[in-house]
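Let's take a walk through this fold together, from its sheet to its buried interior. Keep the sequence and the structure at hand as you read.

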Amino acid sequence: MEKGSMELSEGMSSRLPLVGDAPKPQNGEGTVEGTRFYLINRVSDALDSLLESYRRTLGRGDIDGLLLVDSDGKALAKSRFFRVKNAWNVGALGAALAGIARQGENHMGADEFQNAMIMYRSKQFYVCKIGNLNGSKSLLLLILANERANIGFIRAKMKQYAKRIEEEIRNCEPVRRTIE
């Protein structure tokens with residue numbers, strides 16, 4: 001594996017399936033064939049809808065996954081087809097990138113942080129602030145995509161889905177407990 005590349009989960013294809021294709025946890029244990037479905041919750045439905053809208057509109061599966069974190073890097077939810085093995089590491093990277101961007105507010109006299117992006121030859125990593133939590137914490141949406149992803153379109157869709165995501169957080173007890 002190349003230095004700095006992100007490893008896809010075993011068995012994941014480059015095709016982004018429709019949301020209805022997602023395996024569902026069985027027996028109430030959150031597992032299907034031994035695979036742990038951590039960070040899949042009601043908020044995941046909103047993230048999956050955003051992905052499905054992108055795929056339907058552009059006809060491409062350029063996004064490797066969406067991850068919702070707080071500004072401390074605590075992972076709150078992920079899309080069902082998040083194709084990176086360790087969501088917690090990605091969450092920490094996204095929070096760190098947002099933290100660096102917020103430092104720019106002080107040093108450059110800029111307004112409030114909104115977005116940050118890192119582009120590689122074959123990947124894009126995008127961090128977008130979509131709301132505030134408990135005063136000083138932010139709600140961040142992290143997007144991992146290939147080089148062809150249309151980030152402008154994703155940003156427009158994120159603005160549409162931000163309110164829905166915030167509403168789902170209010171209605172999802174496990175996510176609210178994680179935030180507190």
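Contact here means that heavy atoms lie within 4.5 Å. The model is a predicted one, and with that in mind we can begin with a residue that has many listed neighbours.

**Ser-138 and its surroundings**

Ser-138 sits in strand β7. With residues up to four places away in sequence left out, Ser-138 touches Val-69, Asp-70, Ser-71, Arg-102, Lys-129, Gly-131, Asn-132 and Leu-133. Is Ser-138 buried or exposed? Its relative accessibility is 5%, so Ser-138 counts as buried, the cut-off for buried being under 20%.

**The sheet**

Strand β7 belongs to an open sheet of 5 strands, arranged in the order β4-β3-β7-β6-β5 with antiparallel pairing. Because β4 and β5 stand at the edges with a single partner strand each, one side of each has no neighbour in the sheet. Direction ignored, neighbouring strands of this sheet are turned by 20 degrees against each other on average. As a reminder, strands of a sheet pair through backbone hydrogen bonds, in either a parallel or an antiparallel way.

Two helices pack on this sheet. Helix α1 touches β3, β4 and β7, and its direction makes about 145 degrees with that of β3. Helix α2 touches β3, β4, β5, β6 and β7, and its direction makes about 115 degrees with that of β7.

**Strand β6 and its two partners**

Strand β6 covers residues 123–133, and 9 of its 11 residues are buried, so the rest of the structure largely encloses it. On one side, strand β5 (residues 115–119) runs antiparallel to β6 and is joined to it by 5 bridges. A hairpin of 3 residues links β5 to β6. Within this pairing, Ile-118 has Phe-125 of β6 as its bridge partner, while Met-119 is matched with Gln-124.

Strand β7 (residues 137–146) also pairs with β6 in the antiparallel sense, over 10 bridges. Here Lys-123 stands opposite Asn-146 of β7. The hairpin of β6 and β7 has 3 residues between the strands, and in it Asn-134 takes a positive phi near 40 degrees.

**Gly-94 in helix α2**

Gly-94 is part of helix α2, which spans residues 87–108. Which residues does Gly-94 touch, not counting those up to four places away in sequence? They are Phe-125, Val-127, Leu-140 and Leu-142. Leu-142 is 48 residues from Gly-94 along the chain, yet their C-alpha atoms are separated by 6.5 Å.

Some buried residues, with the accessibility that earns each one the label, are gathered here.

| Residue | Relative accessibility | Status |
|---|---|---|
| Gly-94 | 0% | buried |
| Cys-128 | 9% | buried |
| Cys-172 | 4% | buried |

If you are wondering about cysteine pairing, the structure holds 0 disulfides.

**The nonpolar cores**

The largest nonpolar core has 31 residues, and Leu-68 and Ile-165 touch the most other members. Elements giving two or more residues to this core are α1 (42–58), β3 (63–70), β4 (75–78), β6, β7, α3 (151–171) and α4 (173–179). Which element provides the largest share of this core? It is α3, with 8 residues. Ile-165 itself, leaving aside neighbours within four places in sequence, is in contact with Val-43, Ala-46, Leu-47, Leu-68 and Ile-130. There is also a second, separate core of 17 residues, and among its members are Ala-75, Ala-87, Ala-98 and Leu-140.

**Helix α1 in more detail**

Helix α1 has 17 residues and reaches 25 Å from its first C-alpha to its last, close to the 24 Å expected at 1.5 Å a residue. The buried residues of α1 are Val-43, Ser-44, Ala-46, Leu-47, Asp-48, Leu-50, Leu-51, Ser-53 and Tyr-54. Against which elements do the buried residues of α1 pack? Their partners are β3, β4, β7, α3 and α4. Val-43, Ala-46 and Leu-47 have already appeared as contacts of Ile-165, which takes us back to the largest core, where Ile-165 and Leu-68 touch the most other members.

Note on methods
Residues are numbered from 1 along each chain as its sequence is written. This is a predicted model: local features need pLDDT of at least 70, side-chain atom pairs count only at pLDDT 80 or more; totals for chains, interfaces and linings use all residues. Side-chain values use heavy atoms; hydrogens and water are left out. A disulfide is a pair of cysteine sulfur atoms within 2.5 Å. Buried means under 20% relative accessible area, exposed over 50%, partly exposed in between (1.4 Å probe, protein chains only). Helices (H or I, at least four residues) and strands (E, at least two) are DSSP runs, numbered from the N terminus. Two strands pair if DSSP finds at least two bridges between them. A nonpolar core is a set of buried Ala, Val, Leu, Ile, Met, Phe, Trp, Tyr and Cys residues joined through side-chain atoms within 4.5 Å. Axes are lines fitted to C-alpha atoms, for helices over the stretch in contact, and angles run from 0 to 180 degrees between N-to-C directions. The expected span of a helix is 1.5 Å times one less than its number of residues.
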